[in-house]
Amino acid sequence: MRYFIRLGYRGANFHGWQVQPYDCSVQQTIEEAMATLLRVTTPITGAGRTDAGVNARLMVAHFDTEQPIKDIDRLVNSLNALLPPDIAIYSISPVHVNAHARFDAISRTYKYFAITRKDPFYYPLSWRCSPVLDFELMNQAAAHLLDYTDFTSFSKLHTDAKTNNCRITHAQWTREGDQWVFTITADRFLRNMVRAIVGTLVEVGRHKMTIEQFCQVIERKDRCAAGTSMPGHALFLWDITYPFDY
């Protein structure tokens with residue numbers, strides 16, 4: 001039997017999603033809780049990998065069992081009782097045995113949160129930015145992301161990715177209350193990609209890089225040409241879509 005898990009987490013206390021040899025990860029923490037409750041080692045496969053400190057409003061993962069789970073709601077409640085407060089299991093659903101949380105996903109959406117003033121209630125999950133950032137110009141630059149597919153310039157170096165091609169379908173800054181939010185949707189993302197894109201857009205917003213130069217950064221396919229990687233605490237994996245209802 002295969003099951004999909006819908007969950008969310010705050011990444012501050014974890015060294016990313018994926019199991020690490022010497023650091024605590026979200027995946028490892030959930031697998032340990034699953035092993036305790038199901039009394040058998042139960043690997044889980046996530047829809048993607050978030051870096052250290054990055055949050056997920058929604059992550060999807062799958063796991064397999066030899067026998068059907070008799071009471072799914074009870075398992076969800078038991079997991080939430082056992083897991084730390086910065087991980088929440090939303091639901092567990094049975095799916096087709098060949099359904100895959102990572103390979104079947106058709107789009108992923110990230111959001112990066114920025115606030116232009118000091119606020120003690122926003123700072124843990126939002127990046128404090130300059131109030132003079134030119135967000136209109138940043139949006140003009142962001143629109144050009146949809147014209148490209150090779151994003152080597154925004155990828156972490158020396159990864160195991162077989163290709164650096166991604167299809168971005170949406171990239172825009174919007175004002176939401178006291179915050180500016182960058183929303184980006186693509187079929188897949190490279191490691192560190194969103195944080196590098198935001199860092200380069202900030203250079204545009206500071207008038208230190210023109211829109212033409214922003215496009216040249218992409219075309220150079222050189223990570224050293226792009227801007228700095230932004231802090232992970234303000235980044236959220238926001239949504240994941242599938243071609244089927246689970």
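**Largest pocket, helix H3 and Tyr22**

The largest pocket encloses about 880 Å³ of space; a pocket is an open set of points on a 1 Å grid over the protein atoms alone where a 1.4 Å probe fits, with protein on both sides within 12 Å along at least five of seven lines. The volume is the space filled by probe spheres set on the points. Of the 35 residues lining this pocket, Ala47, Gly48, Arg49, Arg102 and Phe189 are the closest to its centre, lining residues being those with an atom within 4 Å of a point. The model is predicted, with local features requiring pLDDT of at least 70 and side-chain atom pairs pLDDT 80 or more, whereas totals for chains, interfaces and linings use all residues. Residues are numbered from 1 along each chain, and side-chain values use heavy atoms, without hydrogens and water.

At least two lining residues come from each of strand S2 (44-46), strand S5 (107-115), helix H4 (193-205) and strand S9 (235-241). The lining comprises 16 nonpolar, nine polar and ten charged residues.

In helix H3 (residues 135-143), Phe135, Met138, Asn139, Ala141 and Ala142 are buried (under 20% relative accessible area). Viewed down the axis of H3, the buried residues fall within an arc of 160 degrees and so line one face of the helix. Their cover includes strand S7 (168-176), strand S8 (179-186), H4 and helix H5 (211-220). At the start of H3, a side-chain oxygen of Asp134 comes to within 3.3 Å of the backbone nitrogen of Glu136.

Tyr22 lies in the loop between strand S1 (2-9) and helix H1 (26-38). Tyr22 is exposed, with a relative accessible area of 81% (exposed means over 50%).

Terms used. Helix = DSSP H or I, 4+ residues; strand = E, 2+ residues; numbered from the N terminus. Nonpolar A, V, L, I, M, F, W, Y, C, P; charged D, E, K, R; others polar. Buried < 20%, exposed > 50% of the residue type's maximum accessible area, 1.4 Å probe, protein only. Arc of directions from axis to C-beta. Contact = heavy atoms within 4.5 Å. Polar contact = N/O pair within 3.5 Å; in protein donor to acceptor, adjacent residues only side chain to side chain.
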